[in-house]
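Q: Hi! Could you walk me through this model, one piece at a time?

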Amino acid sequence: MTSVRATRPLPASRPPQPEPLRPPVAQRPPVAARPSESARSSALVHALLPLVRAEAAAEAPGAGAEPGDLEQAAWVRLLERPVAEPWPGDTARRVRDVVRAEARRARRTAARELPYRHEPAAGPESDPEGAVLRADRRQTLRAAVGRTPGRCPLVLTAMLAPEDLTYREIAGELGMSQGSLGPLRSRCLGCLRRMLAAEVATPELGGKVR
């Protein structure tokens, strides 16, 4: 006789429970971008420009300075203080005080400046660019003289000597008569002129080069 084991009934399955709703996380409002130091400086210059310009124009004649120079010096002093720091006292008074202080500084500087009475005025020889161009032309000329034919290098070198020799002295050094030196000089100068015209570009009117 077989025994029958009693089986327990399976528990009924529960329906899925919905997840509890969570409160939304509060979002922080976006932080407004702070203006940069350069933007604040630009705003300050724009606001104070008429006042600084007017004060500089009023103080410049008594200081013996140009209004633009005095205005620029005042801006240097005004912008030394960080823009974020508040200015002490009245802003307009601060501007006037700075401009007047720079005007006093300009008067003291002008009183200490003395003209150079014993130094000659600068001439064309003191121009660095001109000195370089003249040296380049001399080098080109002497190189062309060395390439001339026959006795031309001797004749032209003697003529370019710093001693400024006369025809008689040049003829004596070259061992020729003074009468034959003139025609030889003309032929050598013509040859040198043609060589330089072929090597150096001739400027046209308006700065153009042929």
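**Helix by helix**

A: Happily. Helix α2 covers residues 67-78, and its twelve residues reach 16 Å from first C-alpha to last, close to the 16 Å expected at 1.5 Å a residue. The expected span is 1.5 Å times one less than the number of residues, and helices (H or I, at least four residues) and strands (E, at least two) are DSSP runs, numbered from the N terminus.

Q: Before we go on, what kind of model is this?
A: This is a predicted model, in which local features need pLDDT of at least 70, side-chain atom pairs count only at pLDDT 80 or more, and totals for chains, interfaces and linings use all residues. Residues are numbered from 1 along each chain as its sequence is written, and side-chain values use heavy atoms, with hydrogens and water left out.

Q: Thanks. Which residues of α2 are buried?
A: Leu70, Glu71, Ala74, Trp75 and Leu78. Seen down the axis of α2, these buried residues fall within an arc of 140 degrees, so they line one face of the helix. Buried means under 20% relative accessible area, exposed over 50%, and partly exposed in between (1.4 Å probe, protein chains only); the arc is that of the directions from the helix axis to the C-beta atoms.

Q: And what span should α3 have?
A: The 22 residues of α3 should span 32 Å at 1.5 Å a residue, and the end C-alpha atoms are 32 Å apart, which agrees. The buried residues of α3 are Val95, Val98, Val99, Glu102 and Ala103. They fall within an arc of 135 degrees seen down the axis of α3, so they line one face of the helix. On the other side of α3, Arg93, Ala111 and Arg112 are exposed.

Q: A glutamate in that list? What does the side chain of glutamate 102 make a polar contact with?
A: With the side chain of arginine 77, at 3.0 Å. A polar contact is a pair of N or O atoms within 3.5 Å; within protein, one must be able to donate a hydrogen and the other to accept it, and residues adjacent in sequence count only if both atoms are side-chain atoms. Glutamate 102 is at 6% relative accessibility, so it counts as buried. Not counting residues up to four places away in sequence, glutamate 102 touches Leu70, Ala73, Ala74 and Arg77; contact means heavy atoms within 4.5 Å.

Q: Zooming out, how many helices and strands are there?
A: Seven helices and zero strands. Of the 210 residues in the chain, 19% are buried.

Q: On to packing. Which residues in the largest nonpolar core touch the most other members?
A: Leu174, Met176 and Leu181, out of 16 residues in that core. The elements giving two or more residues to this core are α4 (128-146), α5, α6 (167-174) and α7, and α7 gives the most, with six residues. A nonpolar core is a set of buried Ala, Val, Leu, Ile, Met, Phe, Trp, Tyr and Cys residues joined through side-chain atoms within 4.5 Å.

Q: What is leucine 181 in contact with?
A: Leaving aside neighbours within four places in sequence, leucine 181 is in contact with Val155, Tyr167, Ile170, Ala171, Leu174 and Met176. A second, separate core of 13 residues includes Ala60, Leu70, Val95 and Ala103.

Q: Okay, cysteines. Which ones does the disulfide join?
A: Cysteine 152 and cysteine 188, with S to S at 2.1 Å; a disulfide is a pair of cysteine sulfur atoms within 2.5 Å. The pair links distant parts of the chain, 36 residues apart: cysteine 152 is in helix α5 (residues 152-159) and cysteine 188 in helix α7 (residues 178-199). Both cysteine 152 and cysteine 188 are buried.

Q: Left-handed or right-handed?
A: The torsion about the S-S bond of cysteine 152 and cysteine 188 is about -80 degrees, so the disulfide is left-handed.

Q: Why is cysteine 191 not bonded to cysteine 152?
A: The sulfur of cysteine 191 is 5.9 Å from the closest cysteine sulfur, in cysteine 152, too far for a bond.

Q: Last one, on backbone angles: what is phi at aspartate 164?
A: Near 55 degrees, a positive value in a residue other than glycine. Most residues other than glycine have a negative phi. Aspartate 164 is found in the loop between α5 and α6 and is exposed, with a relative accessible area of 62%.
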